[in-house]
Amino acid sequence: MSMDPQREIGRLLLVVGLLLAALGVLLSLGSKLPFRLGRLPGDIVIKRDHFTFFLPLATSLLVSLGLSLLFWLWRRKP
């Protein structure tokens, strides 16, 4: 069974748009969430006089885990 390429692109754009909308909601409500992305325990922040180094290690792992789960569920869908 072959799918129409325009239909597949349309679905992909719809999914990407919904993900961007969800990200926008998370960012706008970020201060009201019980956790703050970018300020999780495990994120490394080094502050000196005129220098700040920030490595969001825990945030990166959490985002990677979430995206991996999302793509795994998407691939599994019949």
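**Figure 1. Contacts of Asp43 in the predicted model.** Asp43 touches Gly38, Phe54, Leu55, Pro56, Leu57, Ala58 and Thr59, with residues up to four places away in sequence left out of the list. Asp43 itself belongs to the loop that runs between α1 (5-28) and β1. Its relative accessibility is 13%, and Asp43 is therefore classed as buried, the limit being under 20%.

**Figure 2. Polar contacts of the Asp43 side chain.** Two partners are shown in this view, Leu40 and Thr59. A polar atom of the Asp43 side chain lies 3.0 Å from the backbone nitrogen of Leu40. With Thr59, the polar contact is between side chains, at 2.8 Å. Thr59 also appears among the residues that Asp43 touches.

**Figure 3. The hairpin of β1 and β2.** Strand β1 covers residues 44-48 and strand β2 covers residues 51-55. The two strands pair in the antiparallel sense, over 5 bridges, and 2 residues lie between them in the hairpin. One of the bridge pairs joins Arg48 to Phe51, the latter in β2. Phe54 and Leu55, among the residues touched by Asp43, fall within the 51-55 range of β2.

**Figure 4. The protein as the setting for the close-up views.** The protein contains 2 helices and 2 strands, arranged along the sequence in the pattern α-β-β-α. Of its 78 residues, 8% are buried, and Asp43 counts as buried. The exposed area is about 7,200 Å², of which carbon and sulfur atoms supply 69%. Among contacts between residues at least 6 apart in sequence, 12% join residues at least 24 apart.

Methods: Residues numbered from 1 in each chain as written. Predicted model: local features only at pLDDT ≥ 70, side-chain atom pairs only at ≥ 80, totals over all residues. Heavy atoms only, no water. Pairing = 2+ DSSP bridges. Helix = DSSP H or I, 4+ residues; strand = E, 2+ residues; numbered from the N terminus. Buried < 20%, exposed > 50% of the residue type's maximum accessible area, 1.4 Å probe, protein only. Contact = heavy atoms within 4.5 Å. Areas by Shrake-Rupley, 256 points an atom, 1.4 Å probe, with all protein chains shown as cover. Polar contact = N/O pair within 3.5 Å; in protein donor to acceptor, adjacent residues only side chain to side chain.
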